[in-house]
Amino acid sequence: MSERIKKFIRAANYLSAIQLYLQDNYLLKEPLRSEHIKERLLGHWGTCPGINFVYAHMNRAIIEHDLSMMFVLGPGHGFPAIQANLFLEGTLSKYYPDVPRTAEGIGYMAKQFSWPYGFPSHSNPGAPGVILEGGELGYSLSTAYGAILDNPNLIVTCLVGDGEAETGPLATAWHINKLIDPSVNGAVLPILHLNGYKISGPTFMGRMSDEELIDLFKGYGYEPIIVDAYVEEDVHDRMQKVVDHCIEAIRFTQHCAREKTLFDNPRFPMIILRTPKGWGSIKELHGKRIEDNHYSHQVIADLAKTDGAERDALEAWLRSYDFNDIFGSEQFDADIESLVPDANHRMGDNPHSMGGSPHYKPLVLPNIAQYSSNGTCRPDGGACGDESSMGAIGKYVRDVLRENMQERNIRIFSPDETYSNKLDPVFEVTTRAFVWPKRPWDKDLANDGRVLEMLSEHSLQGLMQGYVLTGRHAVFASYEAFVQIVASMADQYAKFLSIAREVPWRGDVPSLNYILTSGAWRQEHNGFSHQNPGFIDDMLQRQGCYVNVYFPADMNTALVVMSRALASKNEMNIIVMEKRPSPIWRTTEEAIDDIEEGLSIWEFASDENPHMVLSAVGDYLTKETLAAVTIIRCEVPKMRIRFVNFASLSAVGIGSGGCRVLKNPIDYYFTNDKKVLINFHGYPQTIKQILFDYGCSSDRFTVRGYEEHGSTTTPFDMQVRNRTDRYHLAIEAFHVAEEQGVISKKKKEALVKKYEKLLTNHREYIMEHGADPDEITNWSWTPRLP
C-alpha cells in the first residue's frame, strides 16, 4: 500500500508544481526552455506536498472504510494541490469538460492556473468540494465543525496550517468539540500540519516540542497523535495506521453515544503531522536552504524563465517525479487508479458540499399572523400598546424550530446572548448544546441542543458558514457593536457567495441570517465601547443583488422580515432591530408592502404637497422622527410634513424587489424641490452614498445619524448628543418653515430659542435625576387636529 500511495503523491506533487510554472511542454517530453515557462510565476508551493500526502491517505481510508468524507483546507493558498487531486480523482473533468483526464487536460489545467480568466490561485467556489476559500486564514476548523452538525455519517478532514494556527479564530475553534454531540452529529478529523514556516519565518507550533503539543491538545479535549516525517522509517505506513485508528476511534465514540453508553467527555482524535515545507523540492539555491525553510513558501526558482541555473534546478526537480513513468498519454498507472474512490465517495464531489437537493430543504414556516398585532398607534389603528420586536421573533423562531425538528436543519448561533436577545422562548423546544460536564444548577443545557453559544463570534461565523454551505439554515444573533468582529469573515463569505451564485453546478443554499440587537441608541448604559453600527456599512459595500439590510420599524415589520429572510436562499440578510417594547406603526399588510418596496410614505403622518420631508431608518429613529412631526404640527400647524420610512437598504439601491430598484422615482418619495432630513440608524455617510447614486443633492438632503458622540448616559441623551432627537429635528424644520414662508423670522427665532432651552433643561434634568423625563419616556403619537 505504501508504494501505491507514494505513486499517487508523486503524481499529485508533479501536477501541483507544473501549475505554478509551465505554459507548455507539460510532460517534459523535451528539455525545459524559457518559452515553456509562464511570464508571471504565481502561487504557493510550500504547503502543497503535505496536502497531497494527506489527500492520498484519506482516499485510501475512504475506500477501506466506506466513508462519506469532505476535505476542508485551511491554507487556501495550497490550491494547486487541491486542483491536482480533483484532477486525479476525475472530479475536475466532470465539472470542467475542457480539462479531460488526459495529457491535453493536464496542459489546460497547468496553463490556466493563476492565468487571466483561468483558475484562481486560492481555493474558490469554482472548485468542486470547496466550502472555504482560505485566503484569510483562521476559519477552517469552525467551518468544518459547522459542516458535520446534523450530518451524523459525515467526516470532515480539516487540514490546519501551522501559520493559520496562530490566528485568534483558529485558536478558539479547538473548543468547538465541547458543543458536538456524537450521537447526532458527524465528526471532524483535524490534522495540524506542521511544516514549520510561514512566509518569512518559523511558526510557533512548528518549534514546540512533541510533549508541549500533546499537553496542549489533550487539554483542549482531543486525543492527539503525532506523525513525524522526519523520524518515521516509513511515514506512509505510520500515517495509514494512525488514520485507521482515528476512523475506528470516531466510530466507536459515535456508536457508544448513539447506544447511550458514553458517559465520559467525548474525546475525538486529531493528527499532528510534521513534514518539511516544500517537501521533495529543490534543496538549495544560490546558497539558500529552500526545502524545509520559509523560502519554499511561494514560488521557488522564480527567475527560471530568465536564469539558466534556476531553470536547470527547476527541471531537475520536476523530472525527479518521473511523471511519465506513472502516466501514459491517456491514463494513470493502475496503482494510482486504485486510490481513486468511486464516483459516490470522492471528497471533491461530496454532495454535502454542492448545495441543492437532497441536503437543502426549505423550512416549514409558521404563519406570522398568529404573532402579529392587529392594533397600531394611529387614529385608524384601534388599541395601541408597545411591543418588543425581538420578543415576537423569539416566539416565531421557537415555532420554526418546532416545525422543523424532524428535519434537524436549522440552528441558532449566539455569543452567550440568547436570553438577552429575547430569543429564550426557543428553550421551550430545545436547549443549548454542551457536551462537557454539567452542573445541577445549569439551565437549558444538554448534549443535543439547537442553540450553539460561544463567546467567539469568529467561531460562530465559521460554524454558521459550514452549516449553511452544506444546505442547512441558520440565525446568528449578536449585539450590533460586536458583530463587527466578524466583518472580515462576512466579507469573505460575501465574495464566496458572489461567485458561487454564478457556478452552474452549485445548488441553492439557505441565506446567511444575522439579527443585530442592542444597537448604539440603547447602549447608553454600557457606554461608548458598545456603540458601533459599522457592520451594516461594510455589508452595504458588497456588490450584487444578494445582500439585504433590513430596519423593521416595529414588531409587525420585524415578523415580515424574519419570515422573508428564513424563506430566502443564496443571500445574506442583516436585520437590525431592538429588544425593548416600541410602538406598532404598521399593519402586517402594510409591512409586507414596506419590505417589498423598501421605501414608503406613511400616510397617517404625512400631508399633501409638503413643505419638508422627514425620513427615518430604524426603530428608535422612526419613533424620534415621528415625535418631531408631532412637535412641528403643534408649533407650526400650517407647515405640511411628509414622513418617509426606509425599511431596507442594499448595496445597489433601496428595497428588495429584483435587483432592488425602486418601484417609483426617488422624487415620488422626496419631491423634486423640498428639503429632506433623513434620520439614520447608522453612520450618516452610509446613507449618503446610496442617495448619491440617485443624484440627491447635499443642498437639499441632510442626513443625521450616529456620529460617534457616545457615552454612558440616558437613551434620549444619546439622540441629543448625535442631533437625531425630536428637538434638533424640529429646530431644523423651523428653519425650513421660515424659508418656505410658513412662519416669520421672529416666530422661527422664538421657536428655536424655546427648543434650545428644552435641550439645556434636559441635560440638567438627567444630570440631577439620572433618567429621562416622563414627557420623553411616555411619549405617544397624536394625530393632527382637524
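This is a short walk through one predicted model, from a five-strand sheet to some helix pairs and two lone cysteines.

Okay, some ground rules. The model is predicted, so local features need pLDDT of at least 70 and side-chain atom pairs count only at pLDDT 80 or more, while totals for chains, interfaces and linings use all residues. Residues are numbered from 1 along each chain as its sequence is written, and side-chain values use heavy atoms, with hydrogens and water left out.

Let's start with the sheet. When I say helix or strand, I mean a DSSP run, numbered from the N terminus: H or I with at least four residues for a helix, E with at least two for a strand. Two strands pair if DSSP finds at least two bridges between them. Here, five strands make an open sheet, in the order E16-E18-E17-E21-E22, and the pairing is mixed. Which strands stand at the edges? Those are E16 (599–601) and E22 (701–704); each has a single partner strand, so one side of each is left without a neighbour in the sheet. On average, neighbouring strands in this sheet are turned by 20° against each other, direction ignored.

Now look at the E16 edge. E16 runs antiparallel to E18 (residues 641–646), and three bridges join them. For Ile601, the bridge partner in E18 is Val644. Ser600 is in E16 too. Is Ser600 buried or exposed? Buried means under 20% relative accessible area, exposed means over 50%, and partly exposed is in between, using a 1.4 Å probe and protein chains only. Ser600 comes out at 8%, so it's buried. Contact, by the way, means heavy atoms within 4.5 Å. Setting aside neighbours within four places in sequence, Ser600 has contacts that include Phe643, Val644 and Asn645, and also Tyr669.

Over at the other edge, Thr702 is in E22. With a relative accessible area of 28%, Thr702 is partly exposed. Leaving out neighbours within four places in sequence, Thr702 touches Val676, Leu677 and Ile678. And what lies across this sheet? Helix H22 (residues 684–693) lies across E17 (612–617), E18, E21 (675–680) and E22, and H22 runs at about 150° to E22. For angles like that, axes are lines fitted to C-alpha atoms, for helices over the stretch in contact, and the angles run from 0 to 180 degrees between N-to-C directions.

Next, a strand from elsewhere: E3, residues 187–194. Eight of its eight residues are buried. In a regular strand the side chains alternate between the two faces of the sheet. In E3, Ala187, Leu189, Ile191 and His193 point one way, Val188, Pro190, Leu192 and Leu194 point the other way, and all are buried. Strand E2 (residues 154–161) runs parallel to E3, joined by seven bridges. If you want to find the pairing on screen, Gly161 stands opposite His193.

On to the helices. Two packed helices are described by the angle between their axes and the distance between the axes. Angles under 35 degrees count as roughly parallel, over 145 as roughly antiparallel, 65 to 115 as roughly perpendicular, and the rest as oblique.

H2 (residues 48–65) and H9 (residues 235–258) pack at about 50°, with axes 10 Å apart, so they're oblique. Residues that meet there include Phe53, Val54 and Met58 in H2, with Met239, Val243 and Ile247 among those in H9.

H20 (residues 619–635) and H24 (residues 726–739) pack at about 45°, with axes 8 Å apart. That pair is therefore oblique as well. Among the residues meeting there are Ala627, Ala628 and Ile631 in H20, and Leu729, Ala730 and Phe734 in H24.

What about H1 (residues 2–21) and H10 (residues 308–319)? Their axes come within 10 Å and cross at roughly 155°, so H1 and H10 are roughly antiparallel. Tyr14, Ala17, Ile18 and Tyr21 of H1 make the contact with Leu314, Trp317 and Leu318 of H10.

Last topic: cysteines. How many disulfides are there? A disulfide is a pair of cysteine sulfur atoms within 2.5 Å, and the count is zero. Why doesn't Cys48 have one? Its closest cysteine sulfur, in Cys158, is 17 Å away, which is too far for a bond. For Cys246, the closest is also in Cys158, at 14 Å, again too far. Cys48 is buried at 0% relative accessible area, and Cys246 is buried at 0% too.
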